[in-house]
Amino acid sequence: MQKSRDYKYSVANTIRYRLDQESHQASSSYKIEFKKVENQNFIVELSRNNFKINKKEITAKFAKIAHEYTTALFPVQFQIDNYSASLYNFNNISERVKIKDTELNLRYQGEGINYIRNSFLEKTIKSSDAMANYFSTLGLIRVILFCIQNLENNEQHQCKWLVNTLNFATWWTGTKTYNLDSNTLKYQGEITNTEELFDKLEEYANLYELPLNIINREQAITSSLRHDIQFITQKLDFESTETEIKINHGFFEYQETLQISAINNITDHENQSQF
């Protein structure tokens with residue numbers, strides 16, 4: 001028999017952004033649970049529940065449809081091997097998504113659901129690589145992947161973060177610092193793919209019928225990405241994490257915070273299998 005460990009956390013995610021004269025803010029909160037089977041190459045199962053937007057249940061039709069599709073992705077399992085993770089239960093997730101897809105198509109019809117459906121299925125169950133890439137864009141998964149990396153200091157550490165407002169993956173380079181005395185891991189970085197970000201901003205300016213001269217490529221994009229992680233031991237054994245992203249360029253401002261906090265003690269129990 002193998003011993004498994006359960007970790008429960010609360011997650012709070014807030015996004016604020018300004019596009020020219022319009023400003024928006026939205027917050028989501030939910031609970032997650034890790035189940036980790038302990039051996040050298042262990043499997044982590046991540047469940048998500050009690051998902052709310054601005055402290056309320058999702059009721060808007062299309063947002064609710066998208067949420068129901070996303071809910072079918074959980075629980076998701078990753079196999080952790082040293083400092084990397086790979087998707088473990090693609091087939092199980094695909095079956096759940098197909099069942100949910102059939103259910104939703106019996107309840108809803110029209111162009112709106114077809115757009116959500118086609119986009120979601122293309123990004124998830126098309127292949128295991130597609131699904132793994134989809135999970136890798138989620139902020140929660142990015143933080144988890146950051147936690148399991150080698151804790152050695154690195155002045156040129158690269159990481160990826162999806163700017164949800166633009167649906168654009170930004171790449172960052174910065175300094176990763178581990179403090180053994182406090183058992184904390186910190187990261188501070190700046191965007192490196194600024195030209196692609198400029199292209200995306202121009203695309204959005206066209207979409208919202210804003211003049212292109214509102215974007216000045218000679219003006220630098222100011223940006224910062226910060227990770228702070230307080231470990232209990234190491235890897236997924238953490239007490240809290242906080243991530244903050246800031247991007248500013250003229251007509252576009254973006255700020256996102258993602259906080260993960262332990263809500264109870266670890267539970268150890270004997271388990272007969274690895275899920």
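**Exercise 1. Lys123 and its surroundings**

Task: Is Lys123 buried or exposed, or something in between, in this predicted model? Then work out which residues Lys123 touches beyond its sequence neighbours.

Solution. Start with accessibility: Lys123 has a relative accessible area of 39%, and because partly exposed covers the range between 20% and 50%, that is the class of Lys123. Next, place the residue: Lys123 belongs to helix α3. Now look for partners, setting aside residues up to four places away in sequence: Lys123 touches Ala130, Met131 and Tyr134. As a last check, try a backbone distance: the C-alpha atoms of Lys123 and Asn133 are separated by 8.1 Å, with the two positions 10 residues apart in chain numbering.

**Exercise 2. Two cysteines without a bond**

Task: How many disulfides does a search of the whole structure find? Explain why Cys147 is in that situation.

Solution. The search of the whole structure gives 0 disulfides. Take Cys147 as the test case: its closest cysteine sulfur is in Cys159, 12 Å away, and a disulfide needs sulfur atoms within 2.5 Å, so the distance is too far for a bond. Seen from the other side, Cys159 is in no disulfide either, with the sulfur of Cys147 as its nearest cysteine sulfur. Now add the accessibilities. Cys147 is at 0% relative accessibility and counts as buried. Cys159 is buried too, with a relative accessible area of 8%.

**Exercise 3. A threonine in a strand**

Task: Which residues is Thr241 in contact with, leaving aside neighbours within four places in sequence?

Solution. First locate Thr241: it sits in strand β10, which covers residues 238-249. Then read its accessibility: at 4%, Thr241 counts as buried, because the limit for that class is 20%. Finally, list the contacts: Val143, Cys147, Asp228, Ile229, Leu258, Gln259 and Ile260. You will recognise Cys147 from the previous exercise, where it was found to be buried.

**Exercise 4. Two hairpins**

Task: In what sense do strands β4 and β5 pair, and over how many bridges? Do the same for strands β6 and β7.

Solution. Begin with β4 (residues 76-81) and β5 (residues 84-87): they pair in the antiparallel sense over 4 bridges. At the end of this pairing, Asp81 has Ser84 in β5 as its bridge partner. The two strands form a hairpin with 2 residues between them, and Asn82 in the turn has a positive phi of about 60 degrees.

Stay with Ser84 for a moment. Ser84 is partly exposed, with a relative accessible area of 40%. Beyond its neighbours within four places in sequence, Ser84 is in contact with Gln79 and Ile148. The Ile148 contact spans 64 residues along the chain, and the C-alpha atoms of Ser84 and Ile148 are separated by 7.1 Å.

Now turn to β6 (residues 154-163) and β7 (residues 168-179): they run antiparallel and are joined by 8 bridges. Leu162 stands opposite Ala169 in β7. This hairpin has 4 residues between its strands, and Asn167 takes a positive phi near 50 degrees.

**Exercise 5. Backbone angles in the loops**

Task: Where do Asp20 and Asn54 lie, and which peptide bond is cis?

Solution. Asp20 lies in the loop between β1 (2-19) and β2 (22-37). Its phi is near 60 degrees, a positive value in a residue other than glycine. Asn54 lies in the loop between β3 and α1, and also has a positive phi, of about 50 degrees, without being a glycine. At 41% relative accessibility, Asn54 counts as partly exposed. For the peptide bond, look at Phe74 and Pro75: a cis bond joins them, with omega about 5 degrees. Pro75 is in the loop between α1 and β4.

**Exercise 6. Helix α1 and the largest pocket**

Task: Which residues of helix α1 are buried, and which residues lie nearest the centre of the largest pocket?

Solution. In α1 (residues 61-71), the buried residues are Ile65, Glu68, Tyr69 and Thr70. These pack against β3 (43-53), α2 (90-107), α3 (111-123) and α4 (128-136). Move on to the pocket, which holds about 1,800 Å³ of space. Its lining has 45 residues, and those nearest the centre are Ala66, Thr70, Tyr134, Leu162 and Asn164. Sorted by class, the lining has 26 nonpolar, 14 polar and 5 charged residues. Tyr134 links back to the opening exercise, as one of the residues that Lys123 touches.

Conventions. Residues are numbered from 1 along each chain as its sequence is written. This is a predicted model: local features need pLDDT of at least 70, side-chain atom pairs count only at pLDDT 80 or more; totals for chains, interfaces and linings use all residues. Side-chain values use heavy atoms; hydrogens and water are left out. Buried means under 20% relative accessible area, exposed over 50%, partly exposed in between (1.4 Å probe, protein chains only). Contact means heavy atoms within 4.5 Å. On a 1 Å grid over the protein atoms alone, a cavity is a set of points where a 1.4 Å probe fits but cannot get out, and a pocket is an open set with protein on both sides within 12 Å along at least five of seven lines; lining residues have an atom within 4 Å of a point. Grid points are joined across faces, edges and corners, and a volume is the space filled by probe spheres set on the points. Ala, Val, Leu, Ile, Met, Phe, Trp, Tyr, Cys and Pro count as nonpolar, Asp, Glu, Lys and Arg as charged, and the others, Gly among them, as polar. Two strands pair if DSSP finds at least two bridges between them.
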